[in-house]
Amino acid sequence: MNQNQESNRRHPTILEVLILLVLFLAIAFSFTGIFDLSIQLALFIALFLVIMLGLRLGYKYDDLQEALKNGIFNGLEAVLILIAVGALIGTWIAGGIVPSIIYYGLEFIHPSIFLLATVILCAVTSLATGTSWGTAGTAGIAMVGVGEGLGIPLPLVVGAVLSGAYFGDKLSPLSDSTVLTASITKVNIVEHIKSLLYVSIPALVISGTIFTIVGFTYTADNVDLSRVESIMTAIGDTFNISWIMLIPALIVIILLAMKKPAVPTIAFGALLGAVWAWIFQNMDFISALNTAYEGFNLQSGNEFMDELLNRGGITGMVGSVMVIILGLGFGGLLNYIGALQVLVGSFTKLIKNTGRLSISTLITGFLSNVFGCAMYVSLILTPKIMEKNYDRLNVDRKILSRNTEVGGTLTSGMVPWSDNGIFMAAMFGVPVLQYLPFMWLNFAAIILVIIYGYTNKFIWYIEKDPESENGPQEV
């Protein structure tokens, strides 16, 4: 592109950005809430709204198309992981791996400590594997089955699963989002994780305590044990239940802990599931392998078990894949024309202390999820938009990386049309707005970031000065 073409460009005004975003929200909410149309269609239309604005601003169509492709390319790993997880779920159900976890969970986990056990199990799994999606699709699915068998409300169980899954994901050096955030903010990954500990550990304690208190309302006295026994009997009659069924899960966890790439590792786990279905569940190998693509299909006559276990497969992830692809493209276009930068820049002059700095970062991360529709968009845009404010206030970049994770990663599952929101809702069959109130670890982390910002606790500076040591200069 020559200089004359570039000189014809201009940044969008704040009014133009607001009109664009209001139109997007109106389309998204009306399509999903009123007309019962897919969010994918809303995103597809939104792409053309951004392109129209870009043309008005002086950008060439070819350049806008390239920005759309670049946005999608930056998040393709998430698409590949999603496809691999879909295949894994299908074969792990067919192979008796997930049914075995559900069976043993119903047998050994007491109802009163189930929610706390769910948080801990998912936290450990996610910490070891570095993937909240993989944790949700394996341990998470199993714990949802156990919780439903115990009669615990599904949104509450999903909240416990996500609290543990996001905790481990953010502290794992194997997590792609953790590595990405450290890289974008130019922070050593070990320093990034150390900084996150000050938020994640207290948030885990707070959320774990709440889940424990709530869990004590579910005791053996108010749980229908006959229902539990009937579910265990149905699972035992349908599948070969054995500790041997857990070997593929252990292999995948070990490989991920050894820093093996996520996509081939999860795909290998899916293959193991098909082999286990062939050897231990008496399925012919072709049918077992086909569950990786079409998912598991069971007609047992037990409504609960059929509803829980008839899922998985690559085809079951097509809707989520489309949301991620379109969302990444939408976010790439918004970034290219500078829409979010203009929106956030409008309140940059108000950022005069670490409290406002923290809140602004959280808002930027959340808005990037709302309008970028993907966690990766948020993790890339937020540091780019906010880094100058941290440097201006001499705040260490590891605070930027920490706040970016909390504002970007932990809010992604709260947005119904984001990649995380779509994935988790499809995975558990629970709408985002139903499990949202129970994402207690995520809310605790957000509140802690704000408290630290306004009290200057656990905030580090590149150059100390007397004013910064006495706390925020202006509230």
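1. A good place to start is T181, which touches H192, L379, S401, T404 and E405, leaving aside residues up to four places away in sequence. T181 sits in helix α10, residues 176-184. Its relative accessibility is 0%, so T181 counts as buried. Please keep in mind while you look around that this is a predicted model.

2. Now to the charged pairs. The structure holds nine salt bridges. In general terms, side chains of opposite charge can pair when their charged atoms come close. An easy one to find is K69 with E66, where the closest N and O atoms are 3.4 Å apart. Both residues belong to helix α4 (residues 61-74), and because they are three residues apart there, about one helical turn separates them. K69 is partly exposed, at a relative accessible area of 44%, and E66 is partly exposed too, at 37%.

3. Which parts of the chain does the pair of E191 and K398 link? The side chains of E191 and K398 meet in a salt bridge, at 3.5 Å from N to O. The pair links distant parts of the chain, with E191 in helix α11 (residues 189-215) and K398 in helix α21 (residues 397-412), 207 residues apart. E191 is partly exposed, with a relative accessible area of 30%. K398 has a relative accessible area of 16%, and because buried means under 20%, K398 counts as buried.

4. Helix α21 brings us to another charged pair. E387 and R397 form a salt bridge, their closest N and O atoms being 3.6 Å apart. E387 lies in helix α20 (residues 375-392) and R397 in helix α21, 10 residues apart. Here E387 is partly exposed, with a relative accessible area of 22%, while R397 is buried, with a relative accessible area of 17%. Elsewhere, R10, E16 and R56 are joined into one network by salt bridges that share partners.

5. Next, the interior. As background, in soluble globular proteins nonpolar side chains tend to be buried together. The largest nonpolar core in this model has 152 residues, and the members that touch the most other members are I102, F330, F371, F423, M424 and F428. Helix α5 (residues 76-94) supplies the largest share of this core, 12 residues. For a closer view, pick F423: not counting residues up to four places away in sequence, F423 touches L82, V85, W133, A136, M317 and S320.

6. Two of those core residues turn up again among the rings. F330 and F371 belong to one aromatic cluster together with F24, F29 and W417. In total, the structure holds 17 aromatic pairs. F44 and F48 make one of them: the ring centres are 5.3 Å apart and the planes stand at 80°, so the pair is edge-to-face. F44 and F48 are four residues apart in helix α3, which means that about one helical turn separates them. F44 counts as partly exposed at 42% relative accessibility, and F48 is partly exposed with a relative accessible area of 41%.

7. How is the aromatic pair of F211 and W440 arranged? F211 and W440 form a tilted pair, 4.5 Å centre to centre with 45° between the planes. F211 lies in helix α11 and W440 in helix α24, so the pair ties together parts that are 229 residues apart in sequence. Both F211 and W440 are buried.

8. On the outside, have a look at the nonpolar surface patch made by I34, F35, L37, L41, F44, I45 and F48, which covers about 650 Å². F35 lies in the loop between α2 (14-33) and α3 (39-56). With 52% relative accessibility, F35 counts as exposed, because the cut-off for exposed is over 50%.

9. Finally, some backbone angles you may like to check. Phi of N456 is near 65°, a positive value in a residue other than glycine. N456 is placed in the loop between α24 (440-455) and α25 (466-469), and N456 is buried, with a relative accessible area of 13%. F458 also has a positive phi, near 55°, in a residue other than glycine. The place of F458 is in the loop between α24 and α25. At 38% relative accessibility, F458 counts as partly exposed.

Terms used: Residues are numbered from 1 along each chain as its sequence is written. This is a predicted model: local features need pLDDT of at least 70, side-chain atom pairs count only at pLDDT 80 or more; totals for chains, interfaces and linings use all residues. Side-chain values use heavy atoms; hydrogens and water are left out. A salt bridge is a side-chain nitrogen of Lys or Arg within 4 Å of a carboxyl oxygen of Asp or Glu. Helices (H or I, at least four residues) and strands (E, at least two) are DSSP runs, numbered from the N terminus. Buried means under 20% relative accessible area, exposed over 50%, partly exposed in between (1.4 Å probe, protein chains only). A nonpolar core is a set of buried Ala, Val, Leu, Ile, Met, Phe, Trp, Tyr and Cys residues joined through side-chain atoms within 4.5 Å. Contact means heavy atoms within 4.5 Å. Patches are made of residues with over 30% relative accessible area and no salt bridge: like charges are joined within 9 Å, nonpolar side chains (Val, Leu, Ile, Met, Phe, Trp, Tyr) within 5 Å. Accessible areas come from the Shrake-Rupley method with a 1.4 Å probe; for residues, only the protein chains shown count as cover. Rings of Phe, Tyr and Trp (its six-membered ring) pair if their centres lie within 6.5 Å; planes under 30 degrees apart count as stacked, over 60 as edge-to-face and the rest as tilted.
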